[in-house]
Amino acid sequence: MAFAIPAYQATAQGHTTKHGTVNLQTSCGEGAQQHFDSGLALMHHMMYEEAEQEFTSAAKAAPDCGMAQWGIAMSYIHPLWGERPTDENLAKGKAAVEKALQQKQLTDKEKAYIKAVSVFYDNWENTSYADQLKAFEAGYKEVHETYPDEVEAAAFYALGQLGTAPKTDKTFATQKEAGALLEKLHASNPDHPGLFHYIIHAYDNPLLASKAVNVSREYERIAPDVPHALHMPSHIFVRLGQWTDAIDWNIRSADAALRQSPKETVSMHYPHALDYMVYGYLQQGRDKKAQEVIDKMKAVPGYTPTFATAYALAAIPARQALERGKWAEAAALPVRSPENFTWYKYPAAEAITHFAKGIGAARSGNTAVAEEAIASLEKLKTQLSSAGDSYWAAQAEAQQMAVQAWLEYQRGDKNKALAMMREAADKEDALDKHPVTPGAVLPARELLGDMLLLSKKPAEARLAYEASLKVSPNRYNSLYGAATSAASARDKEKARAYYMELLKIAPEADGDRESWALAKKFAAKK
């Protein structure tokens with residue numbers, strides 16, 4: 001791996017590594033401590049595989065180091081990635097915890113940290129992932145309350161809160177609470193990697209995103225070559241519709257991820273960055289640049305199998321077709337591509353392709369493919385529900401309903417279609433976006449606006465597009481839809497304002513986008 005052992009310096013405020021400053025003193029000796037601190041910093045950056053390597057090196061340097069085993073067990077837990085550890089990693093994590101507890105030289109604080117992670121692994125064979133994450137949160141809450149001045153315990157407690165925050169709470173009460181704790185700690189620990197990272201996640205929502213702008217722009221100061229650290233600021237830039245920033249940070253993240261990947265398979269941080277990059281390019285109408293990214297994605301012979309990888313591999317080509325309104329192209333998307341990827345493990349990602357095919361087919365008059373997509377989404381929804389994944393099951397249900405709505409529209413039952421599309425939009429709006437994605441592959445509320453506009457209901461359509469823009473500011477197609485709706489309702493002033501906003505966010509759009517050409521033509525009128 002490209003991560004070398006960093007320069008190490010112990011200070012009164014903590015241990016400074018190449019990846020930021022952490023503060024968790026162990027009883028393992030200086031040699032092991034250096035590896036431990038590097039692993040801890042990388043873990044806060046969510047570079048989990050690299051963190052595990054450092055914790056393993058700490059264990060080799062000090063075989064009796066219980067906290068090295070704690071770190072190994074922690075490296076398998078990814079609370080915000082939407083993916084339960086594999087059975088193999090759960091077994092390895094449980095073994096690491098048991099080995100940690102066997103050490104005789106543990107301090108009381110070390111015992112508290114080990115206990116906190118141990119509850120995640122307790123009876124894992126018979127415990128749901130949701131309950132495991134609740135146990136993780138509760139474990140670190142106890143450590144935080146016992147050691148209120150301990151920055152690491154507070155950071156992991158906040159991470160636990162974010163991992164269990166309900167996706168249906170649009171007040172974001174849990175995120176506000178976690179964010180307030182993290183911001184307070186950040187003021188006195190300005191170089192701590194976890195505080196940067198988790199503040200961004202806490203405020204990665206439409207209500208709070210503006211609170212994380214300064215932290216996002218400063219994050220690279222402590223981790224200028226860490227792929228995920230270079231990617232994270234784009235979570236906030238996407239929420240605010242700042243497309244150039246989102247693109248530029250992910251170019252750097254993707255370059256770092258590719259450069260630091262092992263030879264066998266490319267790190268998940270690479271396709272993850274590409275997904276955000278493509279999303280940004282498409283919102284700027286730069287379709288050719290988006291296609292260049294897709295070509296880069298397809299040129300990779302093999303990817304590390306994770307949910308984030310699967311999501312990106314499915315979402316990127318789907319976005320490219322749907323955002324451009326190329327419905328027949330979307331209907332023809334291949335399922336489970338590339339073929340050498342373990343798609344059967346990721347039904348939520350596979351659902352994206354069927355959704356894109358279904359919408360594309362319904363809107364291009366291909367009834368057979370649309371019906372196949374609906375049936376496939378039904379199976380995947382059932383599979384997700386049976387696995388206890390209520391979030392992605394609800395997303396699949398909204399996707400299925402959207403495809404069904406457009407099929408009904410093409411069949412001529414516009415009233416039924418609009419009722420179904422409204423219900424699909426309501427279902428999707430009830431769920432906040434998952435941290436793995438920059439945004440819905442195609443927002444249901446925006447699709448509702450499209451259907452209302454085609455149904456000659458421009459006033460209602462504009463309301464739908466404006467509602468979409470509240471959640472996803474500066475979305476190209478929502479701006480265009482709002483503009484055309486206003487124009488259809490003979491509100492030339494409002495139409496001009498939306499067209500000008502579209503041209504502002506997409507100044508270098510490809511000339512073959514008819515929508516962009518129409519926006520320029522309208523804006524030129526006096």
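These are my notebook entries on a few spots I looked up in this structure.

**Entry 1: what I am looking at**

I am working with a predicted model, so I read everything here as computed. My plan is to go through salt bridges, one helix, one residue inside another helix, some backbone oddities and a charged patch.

**Entry 2: salt bridges**

I started with the count, which comes to 31 salt bridges. Side chains of opposite charge can pair when their charged atoms come close. I picked out a few pairs to follow.

Asp 245 with Arg 217 came up early: they form a salt bridge, and their closest N and O atoms are 2.7 Å apart. I looked up where the partners sit, and found Asp 245 in helix H13 (residues 243–260) and Arg 217 in helix H10 (residues 213–218), so this pair ties together parts that are 28 residues apart in sequence. I also checked the cover on Arg 217, which is partly exposed at 38% relative accessibility.

Then I turned to Glu 408 and Arg 411, whose side chains meet in a salt bridge at 3.9 Å, N to O. Here both partners belong to helix H20 (residues 390–411), and they are 3 residues apart, about one turn of the helix. An α-helix has 3.6 residues a turn, so residues three or four places apart point the same way. What I wanted next was the accessibility of each partner. Glu 408 has 10% relative accessibility and counts as buried, because the cut-off for buried is under 20%. Arg 411, at 44%, counts as partly exposed.

My third pair was Asp 429 and Arg 445, a salt bridge with its closest N and O atoms 2.7 Å apart. This one links distant parts of the chain: Asp 429 is in helix H21 (residues 414–429), Arg 445 is in helix H22 (residues 444–454), and they are 16 residues apart. Asp 429 is partly exposed, with a relative accessible area of 28%. Arg 445 counts as buried at 16% relative accessibility.

I also noted one network, in which salt bridges that share partners join Asp 204, Arg 239, Asp 432 and Lys 433.

**Entry 3: helix H22**

Arg 445 made me curious about its helix. How many of the residues of H22 are buried? I found that 9 of the 11 are, so H22 is largely enclosed by the rest of the structure. Among the buried ones are Ala 444, Arg 445, Glu 446, Gly 449 and Asp 450, along with Leu 447, Leu 448 and Met 451.

Which helices do these buried residues pack against? I wrote down helix H18 (347–363), H20, H21, helix H23 (458–471) and helix H24 (476–488).

After H22 comes Lys 456, and its phi is positive, near 60 degrees. I come back to that residue in Entry 5.

**Entry 4: Ala 351**

Since H18 is one of the helices that the buried residues of H22 pack against, I picked a residue in H18 to look at, Ala 351. Is Ala 351 buried or exposed? At 1% relative accessibility, it counts as buried. Leaving out residues up to four places away in sequence, I see Ala 351 touching Leu 377, Leu 380 and Gln 399. I also looked up Val 335, which is 16 residues from Ala 351 in sequence and 9.5 Å from it in space, C-alpha to C-alpha.

**Entry 5: backbone oddities**

I found a cis peptide bond, running from Ser 337 to Pro 338, with omega near 5 degrees. Pro 338 is in the loop between helix H17 (327–331) and H18.

Back to Lys 456: this is a residue other than glycine with a positive phi, near 60 degrees. Lys 456 is in the loop between H22 and H23, and at 73% relative accessibility it counts as exposed.

Arg 490 goes in my notes too, as a residue other than glycine with phi near 65 degrees, a positive value. I located Arg 490 in the loop between H24 and helix H25 (492–505). Its relative accessible area is 76%, and it is exposed.

**Entry 6: a positive patch**

Arg 490 turned up again when I looked at the surface. Which residues form the positive patch there? I noted Arg 490, Lys 492, Lys 521 and Lys 525. Lys 525 lies in the segment after helix H26 (514–524), and counts as exposed at 52% relative accessibility, because exposed means over 50%.

Methods
Residues numbered from 1 in each chain as written. Predicted model: local features only at pLDDT ≥ 70, side-chain atom pairs only at ≥ 80, totals over all residues. Heavy atoms only, no water. Patch = residues over 30% accessible without salt bridge, like charges linked within 9 Å, V, L, I, M, F, W, Y side chains within 5 Å. Areas by Shrake-Rupley, 256 points an atom, 1.4 Å probe, with all protein chains shown as cover. Salt bridge = Lys/Arg side-chain N within 4 Å of Asp/Glu carboxyl O. Lys, Arg positive; Asp, Glu negative; His and termini not counted. Charge placed at Lys NZ, Arg CZ, Asp CG, Glu CD. Helix = DSSP H or I, 4+ residues; strand = E, 2+ residues; numbered from the N terminus. Buried < 20%, exposed > 50% of the residue type's maximum accessible area, 1.4 Å probe, protein only. Contact = heavy atoms within 4.5 Å.
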